[in-house]
Amino acid sequence: METIWANSGDSHFLEPDDLWRTNLPKRLADLVPRSEKDPDGQWETVHIDGMSFRRKLPNPKLQEFYEASHRAPGAHDISKRIPDLDQEGIWAELVFPSLGMWSSSFRTPEVLREALRVSNDWAWDTIEKASPRLVTTAQVSTLDIDDAVAELERVAAMGYRAIFMPTAPHPLQKDYNRDEWEPFWAAAEAAGIVLAFHIGTDPIDLSSGGAVGQTFRGPGGAVLNYTETTYGGQRVVTKLVASGALDRHPNLKVLIAEGGATWVPFIADRIEEGYRQHAMAVRPKLKRSPREIIYSQVYASFQHDRSAIGAMTAMGYDKVMWGSDYPHMEGTYGHTQETLHGLFDGVDPKVRERITVGAFNELFPGVPAVPAAA
Ligand code: MN
């Protein structure tokens, strides 16, 4: 079987658990997340930034699932990363952090700012420098926008090409459609840095007592919870278009990772309709049509979606990018080639090249070319 080499717009790395604790001054290290599990394994107490929360641990089946999600050797050992990618036929990849899931639970701007600085310095040295095939995402505080701008400019100067963004900002901060965020969008455009929003990253409410990712229970709960993670990506694009942020910054590029692709033409239609049919109530007015803005500035990655290719071939949206979601269970680890052949066998080679390679290279120019098909 021919190897289809593909770049991935959606991959993950697990940082060491004690990264923040061992690299921050003690005063701040004492405030980063720490979990104490009850002896019965049912609940945990999370201490973070001077607060403590009790929350239910995932049931044993789900815990098994999380462990399986990180079974790939290169998930947490950078020396094993490239062999894993070679085995799967994944060439370059955009690498998201994992510790950032805690960001929304901090309350003190300084602690979050310094923790993310540690993460960014570490990820640059450990991941970015390991191979030109790895494009690492930096993280910024969404609790304090001045901190976000300053860190964006610092990491852009280091050479970072992308920033991981949660699909909603910190619960104590204004939403992305508000004017307060304007300096950040302007800074991202000026630095030429991609804002990579990963789905499933709406703030976690630790105080709710529920396990992470469990909004729904009862019949269909697992699928409801899985599908629910998708909508945040659609909301953030709607906010960035409707508020005029993308219109004011035509060179700002955003990626919605892991959320599929066919929703992009759909949401463009909906926004066009709202803009046109509710014109009397719409502000701000946009200089370009929502569709034009979205089709030129919004990229979207998918793993298995059969409809994603049609977003390009039937709907004319060409910012479609494949992503492995390595090493997660939603991803293609262990069956990447089977997935790629299932998606692309019989598809126009130009379309296949665009989705597996071209869209990624357009967003991150300078990554090495994929090997010739073997
Ligand atoms: Mn992912």
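# Contacts within a predicted model

Trainee: Which residues form one aromatic cluster?

Mentor: The structure is a predicted model, and its aromatic rings are a convenient place to begin. Rings are paired here if their centres lie within 6.5 Å, and by this rule the count comes to 14 aromatic pairs. The residues that form one aromatic cluster are Tyr 176, Trp 181, Phe 184, Trp 185 and Phe 197.

Trainee: Which residue lies over the face of Trp 91?

Mentor: For a charge to sit over a ring, CZ of Arg or NZ of Lys must be within 6 Å of the ring centre. Here the distance from the ring centre of Trp 91 is 3.8 Å. The residue that lies over this face is Arg 133.

Trainee: With which residue does Asp 86 form a salt bridge?

Mentor: Side chains of opposite charge can pair when their charged atoms come close. For Asp 86 and its partner, the closest N and O atoms are 2.8 Å apart, which is to be read against a limit of 4 Å. The partner of Asp 86 in this salt bridge is Arg 133.

Trainee: How many residues apart in sequence are the parts that Asp 86 and Arg 133 tie together?

Mentor: Asp 86 lies in helix 4 (residues 81–88), whereas Arg 133 lies in the loop between helix 5 (109–126) and strand 6 (134–139), so the salt bridge ties together parts of the chain whose separation in sequence is 47 residues.
Counted along the sequence, then, the answer is 47 residues.

Trainee: Is Arg 133 buried or exposed?

Mentor: A residue counts as buried under 20% relative accessible area, and as partly exposed between that value and 50%. Asp 86, with a relative accessible area of 37%, is therefore partly exposed. Arg 133 has 8% relative accessibility, so Arg 133 counts as buried.

Trainee: With which residue does Asp 247 form a salt bridge?

Mentor: The closest N and O atoms of this pair are 3.3 Å apart. Asp 247 lies in helix 9 and its partner in the loop between helix 10 and helix 11 (290–297), so the pair ties together parts that are 41 residues apart in sequence. Both Asp 247 and its partner are buried, and that partner is Arg 288.

Trainee: Which side chain meets Asp 269 in a salt bridge?

Mentor: The N to O distance in this salt bridge is 2.3 Å. The pair links distant parts of the chain, with Asp 269 in helix 10 and its partner in helix 11, 22 residues apart. Asp 269 is partly exposed because its relative accessibility is 40%, and the side chain that it meets is Arg 291.

Trainee: Which residues coordinate the manganese ion?

Mentor: In sequence, the donor residues are spaced D-x1-H-x185-H-x59-E-x66-D. The ion is coordinated at 2.1 to 2.2 Å, with OD atoms from the Asp residues, NE2 from the His residues and OE from the Glu residue. The coordinating residues are Asp 10, His 12, His 198, Glu 258 and Asp 325.

Trainee: How many residues apart are His 198 and Glu 258?

Mentor: His 198 is in strand 8 (residues 194–198), and Glu 258 is in the loop between strand 9 (254–257) and helix 10 (263–277), so that the pair links distant parts of the chain. His 198 is buried, with a relative accessible area of 7%, and Glu 258 counts as buried at 10%. Along the chain, His 198 and Glu 258 are 60 residues apart.

Trainee: Which residue has its backbone oxygen 3.3 Å from a polar atom of the side chain of Gln 303?

Mentor: Gln 303 lies in the loop between strand 10 (298–302) and helix 12 (308–313), and at 4% relative accessibility Gln 303 counts as buried. Beyond its neighbours within four places in sequence, Gln 303 is in contact with several residues, including the manganese donors Asp 10, Glu 258 and Asp 325. The backbone oxygen in question belongs to Glu 330.

Trainee: At what relative accessibility does Glu 330 count as partly exposed?

Mentor: Glu 330 is found in the loop between strand 11 (320–322) and helix 13 (336–344). Leaving aside neighbours within four places in sequence, its contacts are Phe 65, Tyr 226, Glu 258, Gln 303, His 304 and Asp 325. Glu 330 counts as partly exposed because its relative accessibility is 23%.

How values were computed:
Residues are numbered from 1 along each chain as its sequence is written. This is a predicted model: local features need pLDDT of at least 70, side-chain atom pairs count only at pLDDT 80 or more; totals for chains, interfaces and linings use all residues. Side-chain values use heavy atoms; hydrogens and water are left out. Rings of Phe, Tyr and Trp (its six-membered ring) pair if their centres lie within 6.5 Å; planes under 30 degrees apart count as stacked, over 60 as edge-to-face and the rest as tilted. A charge sits over a ring if NZ of Lys or CZ of Arg is within 6 Å of the ring centre and within 35 degrees of the ring normal. Helices (H or I, at least four residues) and strands (E, at least two) are DSSP runs, numbered from the N terminus. Buried means under 20% relative accessible area, exposed over 50%, partly exposed in between (1.4 Å probe, protein chains only). A polar contact is a pair of N or O atoms within 3.5 Å; within protein, one must be able to donate a hydrogen and the other to accept it, and residues adjacent in sequence count only if both atoms are side-chain atoms. Contact means heavy atoms within 4.5 Å. Donors are N, O and S atoms within 2.8 Å of the metal (3.2 Å for Na, K and Ca); water is not among the atoms, so sites may look incomplete.
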